[in-house]
Structure formats: structure tokens, C-alpha cells
Amino acid sequence: MMKYLRKAMVLCVLLTLFSGVIKGQDAVKISIKAIVRGLNGEPVKGATISSAANELLVISDQSGVFSMEVPAKTVLTVSATGYKSSSVTAIPDLQQITLSEEQRVVPIGFRTVEERDLPGGLSNVNVSKIFEKNFMTSGLENMEAFAPGFNGNSLNGNNLWGMSSSLLLVDGVPRDIGSITPNEIDQITFLKSAAAVALYGSRGAKGVILISTKRGTNSKQKIAFRTNAGLNVPKRFPGYLGSSEYMTLYNEALVNDGLAPAYTAEAIYNHSQGNPYRYPSVDYYSSEYLKSNFGRYDGVAEISGGNERARYYTNVGFNSSGSLLDFGEAKENGSTNRFNIRGNVDMQLTKALKARVDASAVFSNGGGVNTDYWGSAATLRPHLFTPLIPINLIEESDQASWAMVNTANLINGKYVLGGTQIDQTNPFAAIYAGGNNKFVQREFQFTTGIDADLSGILKGLSFNAGLGIDYFNRYNQGYRNGYATYQPGWTTYSGSDLISGLTRWGEDTKPGVQTIADSWYRQTISLSSQLNYNTVINEKHQISAVFLGAAYRQAQSEIYQPVTNSNLGLQLGYNFSRKYYAEFTGALVRSPKMPPGNRVAFSPAGTIGWRISEEPFMKSASFINNLTITASAGILNTDLDFDEYFAYQSIYTATGGNWFGWNDGSGTQSFDSRRGTNMDLTFAKRKEISLGVQGAMFNNQFGFSANVFRNHITGIIGQYNVLYPSYFTQGFPNSSFVPYSNYNGDQRTGLDFQLNFNKRIGAVQWTIGASGSYYSTKATKRPDAYTYGDQYQYRQGKPLDAIWGLVSDGFYMNASEVAAADGINQPRSAFGSTLAPGDIRYKDQNGDKIIDNQDQVYLGRGGWFGAPLTLGLNLTAKWKNFTFFVLGTGRFGASAMKSDNYFWVNGSDKYSSVVRNRWTEATQNTATFPRLTTQNGDNNFRASDFWMYRTDRFDLSKVQVSYTISDKLLKSKVLKELGVYVAGFNLLTVAKEREIMEMNFGGAPQTRLYNLGVKAMF
């Protein structure tokens, strides 16, 4: 059939040319071969080239090249999706046709604007475009390389301009980033400035992240398929000592404490060289229990298309990820699976009425076990027990032990589970015989909306309304089996170790009853409606207005009070010839957390802009394509950092105790106050001013943007005891009459920037992007209450994420130095009962001859709101059908404390490799770790600069090489495009403390991902 259609098309072309000759047109044909490029020099594949009368039709190939024969001086129309059409006259030396891109429409909060009219204080990332060269596994993956001011996921949530808890919206509804895959995302807008987020009310006062999913287009149906297979390889495991080394050093710790050693030299030797079943040295990270890697697989199909009446987008995807654990139930049930389906439909119901209906469902489940293996790996000492005991080592004459074995739960028919009286339950036994656990999660999202054109009432007037309803629930289901563990007794015959007896702990039980536990649900309802007005007067004066009402409510299981947010908003905008811009935004916010009379507040914000490049005096600077400066300011009211409801009211609570009994029951009860009343409680306020600049130069090959900002959050709500007399609070019984009040203040000052360069050099199309942000923080107001002379401890004036601790002054080197630390000659430590050589010595900051918390000072920034300096770099080199992409991220300026039990080792804790550099008399001049102790080590293991380290790092986050098979090679009418790519994730970390940064303590290890992908378009 296609063969006949091709012949018919050729015949039509010939008839057209012949008719031109009959009409007297110039019939001299010329051959044309040209390439279609964008302004940045990148080839435009799939461009349509036709004559002005649509008599000819040619489509450029993937490299933008086309060839055709036409009569001389024929006017050709060149067009492509995303580009403005252009007309050229056919001449023999036609070599290149340049198309300029159409202005992309960007959502910026309850409205959209063309990309050239974007105000300052926000960033937009075209995810669907960069996804073609940058395969991602999560929606916000490495976004700091594309969105300046985004500091990644901090400890307190998504971070914009150093402020945690940014509001994340998917198609306008509060949702989790894990509810969608990168395949579904069209673009992401990061709203940072006060003016940009004002319309979102109280919950958006610290930034808003808008995620828009893909939608259908008025085009023929397109089917895209993508599949990936990858291997996750652990980057680094914690280094814990084996049994013999642990026992040797534990003996040393006992001697340091004046106690007798616990292990003999023979026992230590046997745990090093002897029978591993009798003298275990368990390495939780060995290949006996862990795989060298685990797989990740996914597949997704996208179907889109439509016409003027209806457009649709469908996404169906599945992904699966394995586990490192390689034994027992974990080996059989260690994978996590996720299936999702999405359908977005846009309908033109009438000439004036549109509707949209979106639905999404996500089904996730993950196999697991009834224990925390990684947590146990960080705490259980290696010599305690052997995980498996071979039954072939039991003496033949030990009838009692064989009787137990005959009824035991045998592992692989060869082993019984090991344990001791202390370790009757342990992670190995639980994974082999404790049953399994299945994590189940379901998400259902429904969004609908209408758009009405009200130009019949007033030209430029329209109405929008949207409703979102989400359900999210999860639970665990599985089987909880009981199991017996066995402790062997050993004997030796003729140099061979045999088991002389077994002691059983526990019982093997399999109730066969499926257990459902840990059920949790969340419901979200979101509603908004708005009137919009847009008009242009005399082609120069553009006026816009939005009046809206928006609200959402999130209810969670076991939480009585749902999270609510509601506000009215007004936006008024004006620009003159796209040269001068002015905008006012106001929001009337409401919060039930405030007392009656203070529940409503008004949040104003404004922005002005000036496109200097449009001024006559800039016309001589022809290399400048665009130069715009903006300024914005706002005062936003928020309750975002305050979770209490009815906090303005005093409350009393009844607690059990043996004081002030007020009832005649069997147990004495007290009636205690928890807080006082404050009917003047009100919103905290974000007061901000920001300046921005953006532009493009050298025929749009170089683009740039930057913002500087300062915001001050005042009136932060808290219960500040030091503002009231001491008798307002009592420690025993615990009670307080101190009310919540508005007091604290936080300030953030910073800048962000973005640079982009696009140019074709020879046969290679280069794209280089860089982004970064830096911010400083300061506690501008704190109720500090330190004694006179201790002002150095004031939190006011210090960074918000300040790390406080003692300043170390080396080690106590000998008994004389320890004896001198008596509080008279030298400062005495108030931490711990005794000091000894090898303990850390600290500086006495206030001169009172006592080392205590009054000697803590500011040590550095902790990076709890993201690293102060964040940098991102991405590079793309495209040559023919090959694309090479590299992405790197850097974080600088923060510190952290080595406070995990990997470092703070005391008592009978498991020893890590860091203790090898402990203090002894022989290593006192080179030691980097204090003396070992079996006591609590209170003097040594506390916040101080001894344990501080810098977290500066640069990560090679992504390298991807892609190849698109030319359509000339495909020669298929069904398969339009085929590509393959390989990618590496988290490949390299460059940092002074790389080992620490690449290790996870008490959790699954960090991994590198090596991925192979295939994509196809039909």
C-alpha cells in the first residue's frame, strides 16, 4: 500500500511541475541541499519544507538536512514544531536555513507567561527536553545544576534560597515528588522570591516548586517506548574490626579503665585462625551475605495525540529494583516494584468552554524481612555468635542434640540457626526463619478543571477552576514466624572441633496468619477558582489581572487536626511594549492556628522590570539580544514553621505521679499546666527585597540570569521561657505557664546565577550550562540568657545552622597533666567522673577553671538548610547522531560532626577502623582518636572541633552517551526513531573526607548506577 502511495505522490509532483510549464512559469529545475538550524546552530530534525502553494513537501532528516528539486526562485516555507516558520527563495547556492524558536509558555503560579516575560525570582527547567539526553530516575534529580537557588533536598525538605519546607505542587495540587516519574514531567518552575509565591498564601511562603505533567497535542498519534536496565554497585562499606582485633583492643580499653582483660591470648588467636563456627568473626558486609550489585529495571510507554476537539496523553510505566541482601527470605523477597498509569485529557467542549481531566494511579510494593539488618550490622560485635551451625559437626553419640536437630528448622538441610542466651534473636536468624514482610502502597490522584472564555462579556476575560482529590495509603503485610536459635558446646578430638551439645533458645512456630500492620493514609483535597483578564491596547499596553480563591486540606491517620491552607489572591500586571513592567500581588491569608481576631492577614508584594535592551541608546550594542532588570519586594504572612493548633490557649493535663494528688483513685494524679494564654499571637512575616537581571547576547548564543536577595522572617512563634520570670516554669513536677509568643527572627542574604552557552563549532554542537547559589544566614533575634561574660555563646547574630561545641587542646599526655586538671591549677572537666591520659583536653573559654557547656563556642555552619554554596555544571556535545552529556554538582561551605557510633565508641560498642589511630603511650604524638574506654567516655564523645570535618565536595553526578539511529537506516514507516544510551550515576566524589561522605552508617550503602537504555518512537 505504501509503495502505491509513494508512486502517487511522485506523480502529483510531476503533474504540478508540468502544469507550471503550461502556465508559463519558469520550469528550470535546480537541485537544493540545505540544512535547517536553530539560532544556536543546532540542527532541527523533522522540519517541513514546502512551496508557498503547498505543492511540494519534504521533511528534513535527523541531522536537519534535506534535498529536493524545485523550479528556480520557488518560495519555500520552512516550519518545525517549537520554531517560528520562515520563508526562503530557492536558489542554487542555498546552504543553510535558520529558524528562531517560538517563545515557550511557562507556568508561574495560577497563570502562564511567555519565557521572554518571566519576572525575576524564579527559575524554569524544561525537563522533557533535557530528559532526552539526561535520563533521570527521580523528578528533582540534580536539579541544582539547572535551577539556581535550589539547594537540593535538605534535612527539612526541598530548599529554595536557604529556606526549607518549600511547597511542592504537581499540576497545582500538593503532592510528593515520588508520586510521579521523570517521564511524566513536562517542566518544573521554582518560585523563590516573595513576589513569585505571594498568591500561594501561608503554605507557600518559603518557596513553591511547580511541576507540570505532559499533555496531549493537536497532532497524529505518537507512541514512545523506553526501557532501561541497570546495575547498582555499592560505593563503600563501613569498616568494622574482626573478632581478634576487637577483642585485643577491648582488652586494652579495660586496662585503660583499671580493669582486668576479658579475653585470653589463646581466645584471641583462635578467633583469628581457628574454626569459624567455634570462633566466629562475622563480617556483615562480606560476600557470604551480600551481592556485589543489584539490578534496576524499568519500562514506560507514552501515547499522545489528538485533534482540535480533544487531546490526550497516557503514560504507563513499571520499574523494579533489587536488594543487596543475598540469603534467606531477603534473597527471595528483596525487590521493590512500582506500576503507574496516568491519563491527561484536554477537551474543547464548546467554542468558549474547555475541560481537563487527569487521573493517575501508582501501585507499589516491596518485599522485606522482619528485622533491620543494616542497623544490626552497625552494632553487633563480630565474635558473639556464628549465624549458622553445621549439623555434621555434632558428635554422633550426642543423642539429645540430634533429637533437637530432627525437629529443628534446618537451613539448606545442613545448618541450624546460631545464637546465644543474649542474642536469642538476631538478624541472620530473623532473615532465615522469621518470616517476611511486604510493603504495600497505593496512590490515586484525580484532577479536573474547566476554562471558560468570557470574552462575550468582556474582551480578555476568562474563568478557571480546578479540583484535585488524592488518596494515599500504605501498610505492611506478612508473616511473623517464631524461631529457635542454638548455642553449641564444643570439644576437640584428635585436633578436630566437634559439637558436644546444643542449647536451644526459643521455639520454631509458623502460625500461618498474615499480619497487617503500620497502616497509614493521607487524603488531600485541593480547590481553586479564578477570574483572569488579559488585554492589549494599541499594541503597546498589555494589562493583566487575576483574582482567585484557593484552598487545600490534608488529613492524615492518627492526626486529629488536618493541615489546611486557604487564601484569596489578586494580581495586577502591566507592561508597555514589553519594555517596562509593573506588577502588584496581594493575598489575604487565613490560619486556624491563630486566635480569633488574628486569623486573617494581608500579604502584599510587587515587582517592577525594565528591558533596557529595547531602549534607543542600546541599539548600537547589537551583540545584546536581551537585557532586563527587575526588582521585587514583599511581606508575606505565614504559619509554616508552627505546627500547634489552639496554641494561644492555656492547657492543663493530668499526669500520673506521687505529688499533689487530687483524686481518690488508686493512683495519684497531678493537674499540671503546660502553657499560658496569649490572644495576641499572630503570623510570622517574611519581609524581602530582591533584584534580578537576565539577558541574552551574541545572537542568543549566551544567556545569563542572576538574583540577589535579602529576606527577614520576624515574629517566629515559640515558647520562650527566658522571657518570663523563672517561677513561670517548674521542673518537678514538670509544668509551665509560659505562653507561645512571636519573638525570634531569621535573616537570609544571598545570590543565585545561571549561565548558558550554545554554539556550533565545526561539526559539534556545544551546550554548556552553569548555575549556582550562595547564601548566608543570621539569627537576628533570640532570647539569649547566658551569664555575664558569656556573650560569646549568644545565638543571636550567628548562622541559623550554627554548630556549637568545645574547642579541643590536644590530649592529656600523662598522669601529671591529668592530676593538674583539678580546677585550681588547670581547668577541671565537668564531664565524666575521671580523666586519664589519652582523653581530650578542652579550652576554658570563660576562665572559671571548669570545662562545661559554658565553654561551647560557635564552630561553623552545619548545612542543615543546604550547603551555603551550591554549584552545578552541565555540558552537552552533539556530533552527528551522537550526544555526550556530563553533569556535575558541588556543595561547599558547610561542616558536620562525626557523632555516629562509628566514631563515638564507648562501653562495649562495636569497633570501627577509626580506633586503630587511638591514643596510647606509644602513639601519643600521632594519635587521631582518644584512648579506648569501656566507660561512657562523656569527656571525649561530645560536640567539639575535634570531631568536626568539612563537607565540601564535588560530584561527577552523571555521564551519558546517546546514539540515535538515522531514519535513513531505519527505512521504516512504522518506527520513526530509535536510540540507545549508556549512563553512569554518582560516579565520583572529590572531597577531603570522601570516605565519610560515601559511607552510610546503620543503613543500606550508597550506590553507583550503570544504566543501559533503549528508546523508540512509533
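In the predicted model, Phe576 belongs to strand S30, which spans residues 563-576. With a relative accessible area of 24%, Phe576 is partly exposed. When residues up to four places away in sequence are not counted, Phe576 touches Lys540 and His541. Lys235 lies 341 residues from Phe576 along the chain, and the C-alpha atoms of the two are separated by 56 Å.

Strand S30 also carries Leu572, for which a relative accessibility of 41% was computed; the residue therefore counts as partly exposed. Leu572 is one of the residues of a nonpolar surface patch of about 760 Å², which further comprises Leu531, Phe547, Leu568, Leu570, Phe584, Leu588, Val600 and Phe602. At least two residues of the patch are supplied by each of S30, strand S31 (580-590) and strand S32 (600-611). The largest share, three residues, is that of S30. In general, nonpolar side chains of soluble globular proteins tend to be buried together. In a regular strand, moreover, side chains alternate between the two faces of the sheet.

The pairing of S30 with the strand that precedes it was examined next. Strands S29 and S30 run antiparallel and are joined by 14 bridges. Within this pairing, Leu548 stands opposite Gly569 of S30. The hairpin formed by S29 and S30 has six residues between the strands, and Glu558 there adopts a positive phi near 65°. Strand S29 (residues 541-556) pairs in addition with strand S28 (residues 514-537), in the antiparallel sense and over 16 bridges. Arg522 is placed opposite Gln556 in S29. Three residues lie between S28 and S29 in their hairpin, and Asn538 in the turn has a positive phi of about 55°.

Positive phi values occur in loops as well. Most residues other than glycine have a negative phi. Asn142, with phi near 55°, takes a positive value despite being a residue other than glycine. Its position is in the loop between helix H2 (127-130) and strand S11 (150-154). The relative accessible area of Asn142 is 15%, which is under the 20% limit, so the residue is classed as buried. Asn412 likewise has a positive phi near 55° and is located in the loop between helix H8 (399-406) and strand S23 (415-417). In contrast to the buried Asn142, Asn412 is exposed, with 64% relative accessibility.

Elsewhere in the chain, an open sheet of five strands shows mixed pairing and the order S10-S15-S16-S13-S14. Its edges are occupied by strand S10 (122-125) and strand S14 (173-174); each has a single partner strand, so one side of each is left without a neighbour in the sheet. Strand S14 runs antiparallel to strand S13 (residues 167-170), and two bridges join them. Leu169 has Pro174 of S14 as its bridge partner.

The largest nonpolar core contains 61 residues, of which Tyr284, Tyr373, Leu417, Phe428, Tyr911, Val915 and Trp947 touch the most other members. Two or more residues of this core are contributed by each of helix H4 (243-256), helix H7 (373-377), helix H9 (427-433), strand S45 (840-842), strand S50 (895-897) and strand S51 (948-950). Beyond its neighbours within four places in sequence, Phe428 is in contact with Val282, Tyr284, Tyr289, Phe327, Tyr373, Phe385 and Pro387. Tyr284 and Tyr373, both contacts of Phe428, are also among the residues that touch the most other core members. A second core, separate from this one, has 27 residues, including Phe131, Ala147, Leu160 and Phe985.

Tyr313 is situated in strand S19 (residues 310-321). Its relative accessibility is 3%, so Tyr313 counts as buried. Apart from neighbours within four places in sequence, the contacts of Tyr313 are Asn183, Glu184, Lys214, Arg215, Gly216, Glu302, Ile303, Ser304, Arg342, Gly343 and Asn344. A separation of 42 Å was computed between the C-alpha atoms of Tyr313 and Arg748, which are 435 residues apart along the chain.

Technical notes. Residues numbered from 1 in each chain as written. Predicted model: local features only at pLDDT ≥ 70, side-chain atom pairs only at ≥ 80, totals over all residues. Heavy atoms only, no water. Pairing = 2+ DSSP bridges. Helix = DSSP H or I, 4+ residues; strand = E, 2+ residues; numbered from the N terminus. Core = buried A, V, L, I, M, F, W, Y, C linked by side-chain atoms within 4.5 Å. Buried < 20%, exposed > 50% of the residue type's maximum accessible area, 1.4 Å probe, protein only. Contact = heavy atoms within 4.5 Å. Patch = residues over 30% accessible without salt bridge, like charges linked within 9 Å, V, L, I, M, F, W, Y side chains within 5 Å. Areas by Shrake-Rupley, 256 points an atom, 1.4 Å probe, with all protein chains shown as cover. Salt bridge = Lys/Arg side-chain N within 4 Å of Asp/Glu carboxyl O.
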